[in-house]
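The exercises below work through one predicted model. Each task is followed by a solution that goes step by step.

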Amino acid sequence: MPKSPYTINLKRKKQPASPELSVAQEADIQRRHRFIATIMIFVILLFMIPTYQLVSSYNSLQKQKATIIKLQKEKAALLTKSKAEETLASQLNDTAYVEKYARAKYYYSKSGESIYPVPSLLP
């Protein structure tokens, strides 16, 4: 009958026959675990670098979108201000409006008139 490398104890569990074999197997298993751990760390690092790049580019994109929205609001405000100034410029071509504007804004008066400033009437 050939010898088995395992001995059977009373609880019917197999155990290695020699302690040298057990130490060698444990060293081999530990080496495999270290190798797998090294591979896992490498894979984690491989995924971390693109993720960091993706997050930073997303943040810069959000900042650019916020800047675009801010600039669009400024543009709309400037367009309304520009239109108001264009209407004022076109109204200043009318002499009656120029007289009214000068009286209200600069308190000019014709001879014999008295000026009472009323802020809500300013053009």
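**Exercise 1. State the mean pLDDT of the protein chain, and identify where confidence is lowest and where it is highest.**

Solution. The protein chain averages a pLDDT (the predictor's confidence in each residue, from 0 to 100) of 84, and 80% of the residues score at least 70. Broken down by element, the lowest confidence falls in strand S2 (residues 14-16), with a mean of 56, whereas the highest falls in H1, at 92. Because this is a predicted model, local features need pLDDT of at least 70 and side-chain atom pairs count only at pLDDT 80 or more, while totals for chains, interfaces and linings use all residues. Residues are numbered from 1 along each chain as its sequence is written, and side-chain values use heavy atoms, with hydrogens and water left out.

**Exercise 2. Describe the order of the elements in the protein chain and the extent of its burial.**

Solution. Begin with the secondary structure, in which helices (H or I, at least four residues) and strands (E, at least two) are DSSP runs numbered from the N terminus. The protein chain has two helices and two strands, and read from the N terminus these follow the order β-β-α-α.

Next, consider burial, where buried means under 20% relative accessible area, exposed over 50%, and partly exposed in between (1.4 Å probe, protein chains only). Of the 123 residues in the protein chain, 2% are buried. The accessible surface, computed by the Shrake-Rupley method with a 1.4 Å probe and, for residues, with only the protein chains shown as cover, comes to about 11700 Å², and 64% of that belongs to carbon and sulfur atoms.

Finally, turn to contacts, meaning heavy atoms within 4.5 Å. Among the contacts with a separation of 6 or more, 3% are accounted for by residues 24 or more positions apart.

**Exercise 3. Determine which residues make the nonpolar surface patch of about 830 Å².**

Solution. The rule for patches takes residues with over 30% relative accessible area and no salt bridge, joining like charges within 9 Å and nonpolar side chains (Val, Leu, Ile, Met, Phe, Trp, Tyr) within 5 Å. The patch of about 830 Å² is made by Phe-35, Ile-36, Ile-39, Met-40, Phe-42, Val-43, Leu-46 and Phe-47. Taking one of these members as an example, Ile-36 lies in helix H1 (residues 19-91) and is partly exposed, with a relative accessible area of 49%.

**Exercise 4. Locate the salt bridges and explain how far apart in sequence their partners are.**

Solution. Side chains of opposite charge can pair when their charged atoms come close. With a salt bridge defined as a side-chain nitrogen of Lys or Arg within 4 Å of a carboxyl oxygen of Asp or Glu, the count comes to three.

Start with Asp-28, which is partly exposed at 21% relative accessible area. Its side chain meets that of Arg-31 at 3.0 Å, N to O, and Arg-31 is itself exposed, at 56%. Since Arg-31 and Asp-28 are three residues apart in helix H1, about one helical turn separates them.

Asp-28 also forms a salt bridge with Arg-32 (2.9 Å, N to O), and these two, being four residues apart in helix H1, are likewise separated by about one helical turn.

The remaining salt bridge is between Arg-103 and Glu-113, at 3.5 Å, N to O. Because Arg-103 lies in helix H2 (residues 95-106) and Glu-113 in the segment after H2, this pair ties together parts that are 10 residues apart in sequence. Arg-103 is partly exposed at 26%, and Glu-113 is partly exposed at 36%. Shared partners join Asp-28, Arg-31 and Arg-32 into one salt-bridge network.

**Exercise 5. Classify the aromatic pair of Tyr-101 and Tyr-106, and place Tyr-101 relative to Gln-91.**

Solution. Rings of Phe, Tyr and Trp (its six-membered ring) pair if their centres lie within 6.5 Å, and planes under 30 degrees apart count as stacked, over 60 as edge-to-face and the rest as tilted. The structure holds three aromatic pairs. In one of them, Tyr-101 and Tyr-106 lie 6.4 Å apart, centre to centre, with 75 degrees between the planes, which is edge-to-face. Tyr-101 is buried at 15% relative accessible area, whereas Tyr-106 is partly exposed at 47%. A single aromatic cluster is formed by Tyr-97, Tyr-101, Tyr-106 and Tyr-108.

As a last step, Gln-91, found in helix H1 and partly exposed at 38%, is 10 residues from Tyr-101 in sequence and 9.8 Å from Tyr-101 in space, C-alpha to C-alpha.
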